[in-house]
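Here is a friendly walk through one model, residue by residue and region by region. Please keep the viewer open while you read.

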Amino acid sequence: MERTLVIIKPCAVQRGLIGEVLSRFERRGLKLVAMKMTRLDAEICRRHYAHLADKPFYPIIEESMTAAPVVLCCMEGIDAVEVVRTMAGATNGRKALPGTIRGDYCVSHQENIIHASDSLESAAQELERFFKPEDYCSYDNPLLGYLYAKDEL
């Protein structure tokens with residue numbers, strides 16, 4: 001099973017969308033194995049968005065991501081990175097298709113509800129950045145056989 005990071009951004013926290021976002025992933029069949037609420041500071045934002053730190057728009061990202069608490073989540077499932085990214089929709093909410101999280105809940109490029117890891121490699125790095133090994137909760141899902149075919153497990 002793959003694991004991927006989802007950050008429910010301050011805009012979604014402020015709008016009361018935490019449960020709505022999480023329930024969509026759970027209803028799809030992904031398993032929540034770690035979660036915590038925290039406030040990001042400038043230092044962790046710079047590390048997390050290091051690939052964008054030199055861009056002229058970076059200060060807007062940092063201001064947005066430190067404006068209110070975030071909810072950090074680790075979702076688990078087969079092809080979890082791809083499933084989450086597809087469910088998230090296009091980064092720009094105005095271009096995200098209806099039925100995606102961004103397509104249903106935002107109209108902004110920055111205030112776009114969630115961050116989702118873009119690859120297995122970045123998911124591993126991002127999860128390590130925000131979670132310790134003891135933060136993960138392993139548990140059996142009795143519905144696993146109804147979510148995946150036997151040859152997928």
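Is Asp79 buried, partly exposed or exposed? Asp79 counts as partly exposed, because its relative accessibility is 39%, and a residue is called buried only under 20% and exposed only over 50%. Please bear in mind that this is a predicted model.

## Two positive phi angles

Asp79 is a good place to begin for its backbone as well. The residue lies in the loop between β3 (70–77) and α5, and its phi is near 55°, a positive value in a residue other than glycine. For background, most residues other than glycine have a negative phi.

Ile113 is another non-glycine residue with a positive phi, in this case about 75°. You will find Ile113 in the loop between α6 and β4. Its surroundings can be read from the accessibility: at 0% relative accessibility, Ile113 counts as buried, whereas Asp79 at 39% counts as partly exposed.

## Around Asp135

Next, turn to the loop between α7 (120–130) and α8 (144–147), where Asp135 is found. With a relative accessible area of 25%, Asp135 is partly exposed, since the buried class ends at 20%. The side chain of Asp135 reaches the backbone nitrogen of Lys132 at 2.7 Å.

Which residues does Asp135 touch, not counting residues up to four places away in sequence? They are Val33, Ala34, Lys36 and Phe130. For a link across the chain, take Cys74: 61 residues separate Asp135 and Cys74 in sequence, while their C-alpha atoms are 9.9 Å apart in space.

## Rings and a charge

A pair of aromatic rings is described by the distance of the centres and the angle of the planes. How many aromatic pairs does the model have? The count comes to 1 aromatic pair. Its partners are Phe131 and Tyr136, with 5.7 Å from centre to centre and 50° between the planes, so the pair is tilted rather than stacked (under 30 degrees) or edge-to-face (over 60). Phe131 is itself buried, with a relative accessible area of 6%.

Tyr139 brings in another ring. The charged end of Lys31 sits over the ring of Tyr139, at 4.5 Å from the centre of that ring.

## The largest pocket

Rolling a probe the size of a water molecule over the atoms shows where empty space is left. About 520 Å³ of space lies in the largest pocket. Its lining is made up of 25 residues, and those that lie nearest the centre are Tyr49, His51, Leu52, Thr91 and His115.

Which elements give two or more residues to this lining? They are α3 (42–48), α4 (58–65), β4 (114–116) and α7. Helix α7 provides the largest share of the lining, with 4 residues.

## Two helix residues

Helix α3 also holds Arg47, which is partly exposed at a relative accessible area of 45%. Arg47 and Arg129 are 82 residues apart in sequence, yet 8.8 Å apart in space from C-alpha to C-alpha.

In helix α7 you can look up Gln125. Gln125 counts as exposed, because its relative accessibility is 52% and the exposed class starts over 50%. Along the chain, Gln125 and Thr4 are 121 residues apart, and 9.8 Å separates their C-alpha atoms.

## Two buried residues

Is Asn92 buried or exposed? Asn92 is buried, with a relative accessible area of 13%, and it lies in the loop between α5 (80–88) and α6 (101–105). A polar atom of the side chain of Asn92 lies 2.9 Å from the backbone nitrogen of Arg94. Leaving aside neighbours within four places in sequence, Asn92 is in contact with Ser108 and His109.

Val71 in strand β3 is buried too, with a relative accessible area of 4%. Leaving aside neighbours within four places in sequence, Val71 is in contact with Val6, Ile7, Ile8, Val13, Ile18, Met35, Lys36 and Met37. Lys36 is also among the residues that Asp135 touches. Finally, Val71 and Leu40 are 31 residues apart along the chain, with 10.0 Å between their C-alpha atoms.

Terms used: Residues numbered from 1 in each chain as written. Predicted model: local features only at pLDDT ≥ 70, side-chain atom pairs only at ≥ 80, totals over all residues. Heavy atoms only, no water. Buried < 20%, exposed > 50% of the residue type's maximum accessible area, 1.4 Å probe, protein only. Contact = heavy atoms within 4.5 Å. Polar contact = N/O pair within 3.5 Å; in protein donor to acceptor, adjacent residues only side chain to side chain. Phe/Tyr/Trp six-rings, centres within 6.5 Å; stacked < 30°, edge-to-face > 60°. Lys NZ or Arg CZ within 6 Å of the ring centre and 35° of its normal. 1 Å grid on protein atoms, 1.4 Å probe; cavity = no way out; pocket = protein on both sides within 12 Å on 5 of 7 lines; lining within 4 Å. Points joined across faces, edges and corners; volume = space filled by probe spheres on them.
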